[in-house]
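Biologist: Please take one charged pairing in this model and look at it closely. After that, go on to the other parts that help a first-year student read the structure.

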Amino acid sequence: MAEKPFAPWQGWESLGGAVKELAVTKAPAGGLAVVAVGLDDQVSCRYQRRAFGEWCAWVDLGMRARSVTAQASYTDGLEVFAIGLDDEIRHTWCEELDAPWKVWTLLEHESSPLRGAASAPPGGSYGSSTSRT
């Protein structure tokens, strides 16, 4: 049964596991996706294939991170960006929800038609060894 806007809030549902950070986005088919950093710094994901559908089991994305964000991809999958324990930004994605996830890639190493036109991040240049305050 599809829920209606402005209907009463549903009760809380446990998704399992303890986390220290999470990001939520809409999955391509209308469900939700949750990407979380666990207490052990591992990045994991759960999603619904359709709106109000069942949640899949947690999927370990194979990286330890400080922070994550996520969004639906240009295909039928998800995109995840994370700040690793080394403070570098990395990116992974799946082309479809049940497809394997790609290997994490440093964002600065991904190919782009605008490569070379990118500006340095706030607080320093790419590859800078200075610390941010």
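Modeller: In this predicted model, the side chains of D87 and R66 form a salt bridge, with 2.8 Å from N to O. Side chains of opposite charge can pair when their charged atoms come close. The two partners belong to distant parts of the chain, 21 residues apart. D87 sits in the loop between β5 (78–84) and β6 (89–94), while R66 is in strand β4. Is each partner buried or partly exposed? D87 has a relative accessibility of 45%, so it counts as partly exposed. R66 also comes to 45% and is likewise partly exposed.

This pair is part of a longer list, since the search of the whole structure finds six salt bridges. One of the others joins R90 and D86, whose side chains meet at 3.0 Å, N to O. Here the two ends are classed in two ways. R90 has a relative accessible area of 19%, and because buried means under 20%, R90 is buried. D86, with 42%, is partly exposed.

Another salt bridge is formed by the side chains of E95 and K102, at 3.6 Å from N to O. The cut-off for a salt bridge is 4 Å, so this pair is counted. E95 is partly exposed at 41% relative accessibility, and K102 is partly exposed at 34%. Salt bridges that share partners also join K20, D41 and R64 into one network.

R49 is another charged residue to look up. R49 lies in the loop between β3 (42–47) and β4 (59–72), and with a relative accessible area of 46% R49 is partly exposed. Which residues does R49 touch, leaving aside its neighbours within four places in sequence? The contacts are with A29, E54, L97 and D98. Of these, D98 is 49 residues away from R49 along the chain, yet the C-alpha atoms of R49 and D98 are separated by 9.2 Å.

The surface also has a nonpolar part. V19, L22, V24 and L32 form a nonpolar patch there, and together they have about 320 Å² of accessible area. Strand β1, residues 19–26, gives the most to the patch, with three residues. V24 is in strand β1.

The cysteines remain. A disulfide is a covalent bond between the sulfur atoms of two cysteines. How many disulfides does the model have? The count is zero. Why is C45 not bonded to C56? The closest cysteine sulfur to that of C45 is the one in C56, and the distance is 6.2 Å, which is too far for a bond. The cut-off is 2.5 Å, so the pair does not count as a disulfide. C45 is buried, with a relative accessible area of 0%. C94 is in no disulfide either: the cysteine sulfur nearest to its own is that of C45, 7.0 Å away. C94 is also buried, with a relative accessible area of 0%.

To go back to the starting point, D87 and R66 meet in a salt bridge that links distant parts of the chain.

Notes
Residues are numbered from 1 along each chain as its sequence is written. This is a predicted model: local features need pLDDT of at least 70, side-chain atom pairs count only at pLDDT 80 or more; totals for chains, interfaces and linings use all residues. Side-chain values use heavy atoms; hydrogens and water are left out. Buried means under 20% relative accessible area, exposed over 50%, partly exposed in between (1.4 Å probe, protein chains only). Patches are made of residues with over 30% relative accessible area and no salt bridge: like charges are joined within 9 Å, nonpolar side chains (Val, Leu, Ile, Met, Phe, Trp, Tyr) within 5 Å. Accessible areas come from the Shrake-Rupley method with a 1.4 Å probe; for residues, only the protein chains shown count as cover. Helices (H or I, at least four residues) and strands (E, at least two) are DSSP runs, numbered from the N terminus. Contact means heavy atoms within 4.5 Å.
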